[in-house]
Amino acid sequence: VMALQRTHSLLLFLLLTLIGLQLVQPSYGQDRMYQRFLRQHVDPQETGGNDNYCNLMMQRRKMTLHRCKSFNTFIHEDIWSIRSICNTENIQCKNGKMNCHEGVVKVTDCKETGSSRTSNCRYRAKASTRRVVVACEGDPEVPVHFDR
């Protein structure tokens, strides 16, 4: 009887967990933008900081395919810390919308050197802890765009 009760409790817990996960899923469009944000801007494992890091990551994250992306920022925090930026006060984005939020995080800014060829993009790295601004959407809100 105890084993059966334990099994029922576990199944109920799993079911409630799955229902809870469904409630915090962004919509399809937001999910696509969120996934793109993660690919282009999030690298929690690294501290980055050098030119080789930028050269490798820009290529690995597919930002050098058709042309060299001129500037990109990688955030070196876990995704929950980054998502918590969305809980701060709304501020105006560069495009005028009011769905931006700011926070201070560890980053590596990768700036194209100008001596790049499309097949061989070259970047200068600058590591710092600085204020960033991200646009958030959804319910719950998730970051979908790196504003500045």
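**Exercise 1. Find how much accessible surface the chain has, and what share belongs to carbon and sulfur atoms.**

Step 1: The accessible surface comes to about 9500 Å², worked out by the Shrake-Rupley method with a 1.4 Å probe, and for residues only the protein chains shown count as cover.
Step 2: Carbon and sulfur atoms hold 55% of that surface.
Step 3: Keep in mind that this is a predicted model, where local features need pLDDT of at least 70 and side-chain atom pairs count only at pLDDT 80 or more, while totals for chains, interfaces and linings use all residues. Residues are numbered from 1 along each chain as its sequence is written, and side-chain values use heavy atoms, with hydrogens and water left out.

**Exercise 2. List the order of the elements from the N terminus on.**

Step 1: Pick out the helices (H or I, at least four residues) and strands (E, at least two), which are DSSP runs numbered from the N terminus.
Step 2: You get four helices and four strands.
Step 3: Read along the chain and the order is α-α-α-β-α-β-β-β.

**Exercise 3. Work out which strand gives the most residues to the largest nonpolar core.**

Step 1: A nonpolar core is a set of buried Ala, Val, Leu, Ile, Met, Phe, Trp, Tyr and Cys residues joined through side-chain atoms within 4.5 Å. Buried means under 20% relative accessible area, exposed over 50%, and partly exposed in between (1.4 Å probe, protein chains only).
Step 2: The largest such core has twelve residues, among them Phe37, Ile85, Val132 and Phe146.
Step 3: Two elements, β2 (100-112) and β3, give two or more residues to this core.
Step 4: The winner is β3, with three residues.

**Exercise 4. Decide whether Asp109 and Arg130 are buried or partly exposed, and say what their salt bridge ties together.**

Step 1: A salt bridge needs a side-chain nitrogen of Lys or Arg within 4 Å of a carboxyl oxygen of Asp or Glu. For aspartate 109 and arginine 130, the N to O distance is 2.8 Å.
Step 2: Aspartate 109 lies in strand β2 and arginine 130 in strand β3, so the pair ties together parts 21 residues apart in sequence.
Step 3: Aspartate 109 is buried at 9% relative accessibility, whereas arginine 130, at 22%, is partly exposed.

**Exercise 5. Explain why strand β4 counts as largely enclosed.**

Step 1: Find β4 at residues 142-146.
Step 2: Four of its five residues are buried, so the rest of the structure largely encloses β4.
Step 3: Now look at its partner: β3 (residues 123-137) runs antiparallel to β4, and four bridges join them. Strands pair if DSSP finds at least two bridges between them.
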